[in-house]
Amino acid sequence: MAIDYSVIGSRIKQARLAKNMTQEDLADKIDISVAFLSRVERRKFSY
């Protein structure tokens with residue numbers, strides 16, 4: 001079964017917004033850059 005990365009990015013964004021977190025808040029909490037989180041949420045990253 002293939003991983004649907006677009007669904008993962010969408011779910012991360014939905015969960016972040018449900019917790020009233022900014023991308024910066026979440027990126028700091030999980031120790032990644034805001035730019036990378038943004039690309040994940042927009043499904044614009046390489047894997």
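**Close-ups of a three-helix chain**

**View 1. Asp31, out in the open.** Asp31 is exposed, its relative accessible area being 71%. What you are looking at here, and in every view below, is a predicted model. Asp31 sits in the loop between α2 and α3. Its phi is positive, near 60 degrees, and Asp31 is not a glycine. Why point that out? Most residues other than glycine have a negative phi.

**View 2. The whole chain, before we zoom in further.** How many helices and strands does the chain have? Count three helices and zero strands. Follow the sequence along and you get the pattern α-α-α. The C-alpha trace spans about 30 × 20 × 15 Å along its principal axes. Of the 47 residues in the chain, 21% are buried.

**View 3. The loop between α1 and α2.** Two residues to find here are Asn20 and Met21, both in the loop that links α1 to α2. Is Asn20 buried or exposed? It counts as exposed, because its relative accessibility is 71%. Asn20 also has a positive phi, near 55 degrees, though it isn't a glycine. Now look at Met21: setting aside neighbours within four places in sequence, it is in contact with Arg16, Leu26 and Lys29. Lys44, on the other hand, is 21 Å from Met21, C-alpha to C-alpha, with their positions 23 residues apart in sequence.

**View 4. Two arginines on α1.** Arg11 and Arg16 both belong to helix α1, so how do they compare in accessibility? Arg11 is exposed, with a relative accessible area of 58%. Arg16 is buried, at 8%, and the cut-off for that word is under 20%. Which residues does Arg16 touch, if you skip those up to four places away in sequence? They are Met21, Thr22, Gln23, Leu26 and Glu41. Glu41 is worth finding from Arg11 too: the C-alpha atoms of Arg11 and Glu41 are 8.3 Å apart in space, although the two residues are 30 apart in sequence.

**View 5. Val7, also on α1.** Val7 is another residue of helix α1. With 31% relative accessibility, Val7 counts as partly exposed. Try tracing from Val7 to Ile30: they are 23 residues apart in sequence, and their C-alpha atoms are 19 Å apart.

**View 6. The buried face of α3.** Which residues of α3, a helix running over residues 34–41, are buried? Look for Leu37, Ser38, Val40 and Glu41. Looking down the helix axis, the buried residues of α3 fall within an arc of 160 degrees, so they line one face of the helix. There's a handy rule behind pictures like this: an α-helix has 3.6 residues a turn, so residues three or four places apart point the same way. And what covers the buried residues of α3? The cover includes α1 (5–18) and α2 (23–30). Just after α3 comes Arg43, and its phi is positive, near 60 degrees.

**View 7. Where α1 meets α3.** The axes of these two helices come within 7 Å and cross at roughly 115 degrees. On the α1 side, pick out Gly9, Ile12, Lys13 and Arg16; across from them, in α3, are Leu37, Val40 and Glu41. Sorted by class, this contact has three nonpolar, one polar and three charged residues.

**View 8. Where α2 meets α3.** At what angle do α2 and α3 pack? The angle is about 110 degrees, and the axes are 9 Å apart. That angle makes α2 roughly perpendicular to α3, because anything from 65 to 115 degrees goes by that name. The crossing of α2 past α3 is right-handed. From α2, the contact uses Gln23, Glu24, Leu26 and Ala27, while α3 brings in Val34, Leu37, Ser38 and Glu41. By class, the residues of this contact come out as four nonpolar, two polar and two charged.

Methods
Residues are numbered from 1 along each chain as its sequence is written. This is a predicted model: local features need pLDDT of at least 70, side-chain atom pairs count only at pLDDT 80 or more; totals for chains, interfaces and linings use all residues. Side-chain values use heavy atoms; hydrogens and water are left out. Buried means under 20% relative accessible area, exposed over 50%, partly exposed in between (1.4 Å probe, protein chains only). Helices (H or I, at least four residues) and strands (E, at least two) are DSSP runs, numbered from the N terminus. The arc is that of the directions from the helix axis to the C-beta atoms. Contact means heavy atoms within 4.5 Å. Axes are lines fitted to C-alpha atoms, for helices over the stretch in contact, and angles run from 0 to 180 degrees between N-to-C directions. Angles under 35 degrees count as roughly parallel, over 145 as roughly antiparallel, 65 to 115 as roughly perpendicular and the rest as oblique. A crossing is left-handed if the near helix is turned anticlockwise from the far one by less than a right angle, and right-handed if clockwise. Ala, Val, Leu, Ile, Met, Phe, Trp, Tyr, Cys and Pro count as nonpolar, Asp, Glu, Lys and Arg as charged, and the others, Gly among them, as polar.
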